[in-house]
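Hi everyone, thanks for having me. I'll put the sequence and the structure up, and then we'll walk through a few parts of it together.

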Amino acid sequence: MRGVSRCAALCALLVIALAESTEELKGDSVESASTSTGSSQEDEEPKEAWMRAPTGGVAVRSGEDALLTCVVLGGRGKPVLWRRARDLQLLTAGGVRVTRDDRVHVLHDDTEEPLQGPGIAKGGDVWALVIKSVKASDAGIYMCELNTEPPVRSFHRLTVISRNLTPPENHNVTDSYSANVPTLSSLALAHNYTDCCIAANVTKNCLGFCSIQTILEGTGQDPETCQPDFPAIVKCMADGRNHVPCCVQERVPDICQDVCRGEFTPVTDNIKTHYSCAAYMEKTLACIVEGIELLPSPPEDVEVEPLNEKQLNVSWSPPVENTDSVTEYVVNITSLRSFDAHLTEPSESTLKDNTVKMSQPMTFKVQANKTFLVINDLLPFTMYEISVTSYNIHGSSLPSYAIRSLTLTPGKMKTTKVAAAPKLPDVRACCVSAGVNHYGCIDKLCDPTKTFEIGLQVTDLMICAPWAGVTFGCLANGIDHTPCCRSRGLPQSCLPLCNGNITTLDFNHFKCLRYMSSYTNCLLQGYGVLPGPPTRLHLTNIDTDYAVVHWAPPAALADTVQYYHLHYKTLQAGDDYKVLEKLHSPYILEDLESNTDYEIYVEAVNEHGVGEASPRLIFRTQSQMIEEEEEAASSYNVSACCERVQLAGVCMPLCSFDAKMSDLRTLAPLCAQEFHKLLRCGAGGRNHEECCARRGVPASCRGVCSGAYSGGVNTCVPYIGNIVQCFEEGTGILPGPPRQLHALLSADHELFLDWAAPQDGANATSYVVHWQKTGNNSHTNLPYFYNTLELDNVTGEARM
């Protein structure tokens, strides 16, 4: 048994499903043309038939009439059909209404009089579908089809807008046609996201999947080899737009909606990743290509600035795509884990409210002409996560990248003024008075802010060698900088540069060129113009993937500090420091690895340069594995169930919500007789049919979802991932079966039932009793009666 893998599902999106119905998808992209060479046409008729595509869909208010126009050229004499694309329901055939919905009819002119409009020669070419008093449920794609072999089709999008909104200005109440303006279909097919794929490091051989047009025409590439690149490709394809509402409208199951939001779950050997979405890929792609046209992209350059203990200032730039259509922005803010009082500074540990771990997200609407928001009434010294989303009348973008920021502690305000740093000594005047007359040497070796530049050229050092004693003596300014140079790693032969006692330069000093930046910092530090090391470096909220770093200003020249540099690395051999620049305390250090040792230090920066580093601090992130084990320990134990029902030992690897597909293929022939036990334990006594229906499992397979073995399991293997995900999801939200059911029949022919509450997920709110009449003889064919009795969850008893 081999299930339809998730890779196959994306292949259906990108290759297979498209290849199987290329003409349909080209139309489904919104409105494209097809050709036909029907041999039954009369000789005087053109051999090709095609349809003119409108320049846009139809957008009307709820309750108004919608008019969808279809122009068929070269197909005279062939019936024209109108269908609803989502279920292929036939609405009209020729001029006859087929559907029972009397709001639908066709307008068609059989006369030969020419009509206005480029490319529309005869009235008989125009077939218009009219839907009177449209409702929200009428929205979607409609298909105009010429009954040829193969059929010629065009696709038309109907958007139904709420009465309190205004349709787009460039949309009329009917389709419009133009010979010059690109159609929505051509614009959608031109969606080329190759640059995005390249920036995301998509493999060169897989770039064929980075263009809708190339996908439709065939990439010529093996999707299996490009599977590692699919997450980046799908993210680029969605282009930051939220296509989920369209996918929901087109009834794409929730398990298949990740592509609609630019996400893709790679296929692994885990059984839950092998689910089938192939049947919905055409609708998904149609939603994406339409959304690229209509929806805005996310806001750009989102920044969050803490103002005080209760205010954050959120700012952003307008989106790049469909900027003019934006009607509003929505700012989403969520508070994250609070700080533990015993890990914070004394002034911070006195906070009253530091126990709330999570809170409900808050949303704020901002008018389209504003690109900032000051959020008030927040908790002091609390971490918040903020994102911004663009909206227009068609829908929204995906949220911007999320930013985490901390409110300040009570009494603290953001520093806005920075004092001027002390002035540097006049080294240039010292060199000139000592007789240095070469401008290049004065400019580079007599300016302490430029000495690092000499490290780029050996020739500079050679040219300035005759004045070495003067220039380096003036740079030292009567101070011995040797201790600083030693601490920064300058070799012994370079130390004379640091104390100014040097008379000549030779080839032994060439190795000093690589240390000129450190030498410059030592000079500035010795002059007393650089800030000292930051103080009180410590951490709070050390989690599995982030920690909050705190520090206090340096003791020396704190008022001149403009910002800080944070250096961090793992303690693994060979790892180099990563540098985060222009920061302020506190700072959330993110994207860390769990259960890993890190080393950090901080440097203060003013207008002259980088000051001395703080002491190093070592910490270890928490273990993700421990958290996962604790979570697993509190969940339904499917393996214990398999042991109770005495599942064959060879089949035990399949008794897990994280079973491997490779095990399923290997053990399926051996465990066929045990499959009913696996289903029973997987379902856990719960009915998961509602979840399976929501996740696209066909009706013929939903008996498996309730743990019932129907004999047709092989046909349901393509949906095994869908079913297993429902099994696992239901253990947390559905009650298990009642226990210890007992029945007692009284002399008065009354039946008393008694049972205990479920052991797993004991959150039952009511019980339903099922019973039927049977005969004493199992071969007796008695009428089948099925009744239910719903009881409140009070006593666990029933009297019948």
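One term before we start: when I say helix, I mean a DSSP run, H or I, of at least four residues, and helices are numbered from the N terminus. With that in hand, look at Leu461, which sits in helix H13, residues 458-463. By the way, what you're seeing is a predicted model. Is Leu461 buried or exposed? Its relative accessible area is 6%, so Leu461 is buried. Buried here means under 20%. Now find Leu513, which is 52 residues from Leu461 along the chain. In space, the C-alpha atoms of the two are separated by 8.7 Å.

Asn521 makes a nice second case. You'll find Asn521 in helix H17, residues 516-527. With 17% relative accessibility, Asn521 still counts as buried. And what does Asn521 contact, once we ignore its neighbours within four places in sequence? The answer is Arg488, Leu530 and Val610.

Okay, how far can we trust all this? Across the protein chain the pLDDT averages 77, and 76% of the residues score at least 70. Two stretches need a warning, though. Residues 115-122 stay under 50 in pLDDT, and the model gives them 16 contacts beyond four places in sequence. Residues 338-358 are also below 50, with 42 contacts in the model beyond near neighbours in sequence. Where pLDDT is low, the predicted coordinates should not be read in detail.

Next, a sheet. How many strands does this open sheet have? There are 6, in the order E2-E10-E9-E4-E5-E6, and the pairing is mixed. At the edges stand E2 (58-61) and E6 (96-97), and each has a single partner strand, so one side of each has no neighbour in the sheet.

Let's zoom in on one pair from that sheet. Strand E9, residues 140-146, and strand E10, residues 152-161, pair in the antiparallel sense, with 7 bridges. If you want one bridge to look for, Cys144 has Ser154 in E10 as its partner. In the loop between E9 and E10 you'll see Asn147. Asn147 is partly exposed, at 42% relative accessible area. Leaving out residues up to four places away in sequence, Asn147 touches Lys78 and Pro79. Ala93 is 54 residues from Asn147 in sequence, and C-alpha to C-alpha they are 9.7 Å apart.

There's another strand pair to look at further along. Strand E27, residues 739-745, is joined to strand E28, residues 751-756, by 5 bridges, and the two run antiparallel. One of the bridges takes Ala743 to Leu753 in E28. How many of the 7 residues of E27 are buried? The number is 0, so E27 lies largely in the open. The hairpin has 5 residues between the strands, and His749 in this hairpin takes a positive phi near 60°.

Now for the helices that are covered up. In H7, residues 230-238, 7 of the 9 residues are buried. Among them are Phe230, Ile233, Val234 and Met237. An α-helix has 3.6 residues a turn, so residues three or four places apart point the same way. Just after H7 comes Asp239, with a positive phi near 60°.

H21 is the other one I'd like you to find. Of its 9 residues, 7 are buried, so H21 is largely enclosed by the rest of the structure. The buried residues are Phe675, Lys677, Leu678, Leu679, Cys681, Gly682 and Ala683. What do they pack against? They pack against H19, helix H23 (702-705) and H24. After H21 comes Gly684, and its phi is positive, near 65°.

Last stop: the empty space inside. Rolling a probe the size of a water molecule over the atoms shows where empty space is left. Searching the whole structure turns up 4 cavities of 30 Å³ or more. The largest cavity holds about 240 Å³ of space. It is lined by 17 residues, and the closest to its centre are Ile271, Leu654, Ser656, Leu678 and Val724. Helix H19 (638-644), helix H21 (675-683) and helix H24 (720-733) are the elements that give two or more residues to this lining. Which kinds of residue make up the lining of the largest cavity? They divide into 15 nonpolar, 2 polar and no charged. So Leu678 comes up twice, because it is one of the buried residues of H21 and among the closest to the centre of the largest cavity.

Conventions:
Residues numbered from 1 in each chain as written. Predicted model: local features only at pLDDT ≥ 70, side-chain atom pairs only at ≥ 80, totals over all residues. Heavy atoms only, no water. Pairing = 2+ DSSP bridges. Buried < 20%, exposed > 50% of the residue type's maximum accessible area, 1.4 Å probe, protein only. 1 Å grid on protein atoms, 1.4 Å probe; cavity = no way out; pocket = protein on both sides within 12 Å on 5 of 7 lines; lining within 4 Å. Points joined across faces, edges and corners; volume = space filled by probe spheres on them. Nonpolar A, V, L, I, M, F, W, Y, C, P; charged D, E, K, R; others polar. pLDDT = per-residue confidence, 0-100. Contact = heavy atoms within 4.5 Å.
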